[in-house]
Amino acid sequence: MVQDKIDNFLNYLLNERRYSKHTVVAYQRDLKQFWLFIKSSGEVDLDQISYQDLRLYLAYLNELSLNPKTIARKLSSLRSFFNYSLRRHWIDQDPMELITFKAKETYLPSFFYENEIESLIDVAKTSHLDYSKRNLAILELMYATGIRVSECCQIRLDQLDFSLQIIRVFGKGNKERIVPFGDPAMQALKDYIETERKNLLSKGSMQDQKNSDILFLSKKGKAITPDQIRHILQKIVEESQLNLKINPHKLRHSYATHLLNRGADLRSVQELLGHENLSSTQIYTHITGDKMRSEYLKAHPRARRKKQEEE
């Protein structure tokens with residue numbers, strides 16, 4: 001059955017490629033939508049799906065007036081699935097091979113300015129929220145390293161090296177990378193580990209206490225979840241009373257943007273972020289380019305004169 005093959009593929013992503021549960025759920029949703037569309041015309045087997053079927057599905061997605069980025073993601077899910085099916089010899093030819101789609105929208109990631117980050121950290125340092133040392137350590141580490149929220153939740157104590165101030169991060173596809181962090185993050189981590197972490201660990205079951213070397217724990221002594229980190233960050237923003245929107249990925253965007261603004265090499269930032277392709281990192285050059293133009297217009301005498309003439 002086709003559903004068995006889809007389940008096999010999802011298990012492969014989760015257990016062998018080590019994709020996050022959130023990512024696997026997105027793949028599952030995309031494949032379910034596609035398969036419901038195919039079945040609407042009658043029962044077919046996987047090797048009977050043709051290029052024409054994929055063209056009809058693409059037309060159907062366009063009719064739904066979906067965001068081009070959403071359509072591109074759905075097609076990417078299908079491309080991965082059919083590529084896997086080809087390797088498993090479930091199909092003889094990949095029906096996605098000739099399907100092309102270009103998302104027209106240019107996505108510029110949102111980020112914090114440096115003074116906004118400093119304000120948030122200052123609030124977290126004097127926070128009245130429960131487990132404020134843990135919350136500060138999360139904020140400091142995510143901004144100091146640019147790690148994804150899923151990576152943050154999976155960090156174990158033996159991945160930290162305080163003598164070298166580096167962390168071993170296991171990203172998408174379980175690929176390992178080494179990321180340095182500075183003194184503020186190190187101090188926040190040490191404060192949390194030596195105080196609140198011991199208290200949080202004691203709140204877990206005996207099994208949790210025996211096996212857990214996870215760095216960040218929830219108030220129940222279990223490994224913290226991405227949703228819980230999102231909630232913590234939102235609470236810090238609310239406590240700050242700043243008119244800001246926050247999510248974990250915005251900290252990652254801020255990390256990359258600030259590095260490039262201060263002269264970091266694009267290839268180095270690619271490695272630090274764990275991007276497989278440089279094109280994924282190049283999106284940040286649009287942001288830093290805008291900033292450089294703004295600084296130029298403010299600082300250069302000829303540019304300033306031209307701007308005044310336009311006004």
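Accessible areas are obtained here by the Shrake-Rupley method with a 1.4 Å probe. On this basis, the accessible surface of the protein chain in this predicted model comes to about 18,300 Å². Carbon and sulfur atoms account for 48% of that surface. The chain has 311 residues, of which 41% are buried. Its secondary structure consists of 15 helices and three strands. Among the contacts between residues at least 6 apart in sequence, 58% join residues that are at least 24 apart.

The packing of one helix against another was examined next. Helix α6 spans residues 132–145, and helix α11 spans residues 226–240. The axes of these two helices come within 10 Å and cross at roughly 100 degrees. Angles of 65 to 115 degrees count as roughly perpendicular, and α6 and α11 are therefore roughly perpendicular to each other. On the side of α6, the contact is made by R134, N135, I138, L139 and M142. On the side of α11, I229, I232, L233 and I236 take part. Of the residues in this contact, seven are nonpolar, one is polar and one is charged.

M142, one of the α6 residues in that contact, was considered in further detail. This residue has a relative accessibility of 0% and therefore counts as buried. When neighbours within four places in sequence are left aside, M142 is in contact with I147, R148, V149, C152, I229, P248 and L251. One of these partners, P248, lies 106 residues away along the chain, yet the C-alpha atoms of M142 and P248 are separated by 7.8 Å.

Helix α11 also contains Q234. With a relative accessible area of 30%, Q234 is partly exposed, whereas M142 of α6 is buried. The C-alpha atom of Q234 is 7.5 Å from that of N247, a residue 13 positions apart from Q234 along the chain.

The cysteines were then examined for covalent links. A disulfide is a covalent bond between the sulfur atoms of two cysteines. A search of the whole structure finds zero disulfides. For C152, the closest cysteine sulfur is that of C153, at 5.8 Å, which is too far for a bond. A disulfide requires the two sulfur atoms to be within 2.5 Å. C153 is likewise in no disulfide, and its nearest cysteine sulfur is that of C152. Both residues are shielded from the surface in the sense used here: C152 is buried, with a relative accessible area of 0%, and C153 also counts as buried, at 7%. C152 is, in addition, among the contact partners of M142.

Finally, the backbone was inspected for positive phi angles outside glycine. R18 is not a glycine, but its phi is positive, at about 60 degrees. R18 lies in the loop between α1 (2–16) and α2 (21–39). Its relative accessibility of 49% places R18 in the partly exposed class. Q165, also a residue other than glycine, has a positive phi near 55 degrees. Q165 is found in the loop between strands β1 (160–161) and β2 (166–170).

Technical notes
Residues are numbered from 1 along each chain as its sequence is written. This is a predicted model: local features need pLDDT of at least 70, side-chain atom pairs count only at pLDDT 80 or more; totals for chains, interfaces and linings use all residues. Side-chain values use heavy atoms; hydrogens and water are left out. Buried means under 20% relative accessible area, exposed over 50%, partly exposed in between (1.4 Å probe, protein chains only). Helices (H or I, at least four residues) and strands (E, at least two) are DSSP runs, numbered from the N terminus. Contact means heavy atoms within 4.5 Å. Axes are lines fitted to C-alpha atoms, for helices over the stretch in contact, and angles run from 0 to 180 degrees between N-to-C directions. Angles under 35 degrees count as roughly parallel, over 145 as roughly antiparallel, 65 to 115 as roughly perpendicular and the rest as oblique. Ala, Val, Leu, Ile, Met, Phe, Trp, Tyr, Cys and Pro count as nonpolar, Asp, Glu, Lys and Arg as charged, and the others, Gly among them, as polar.
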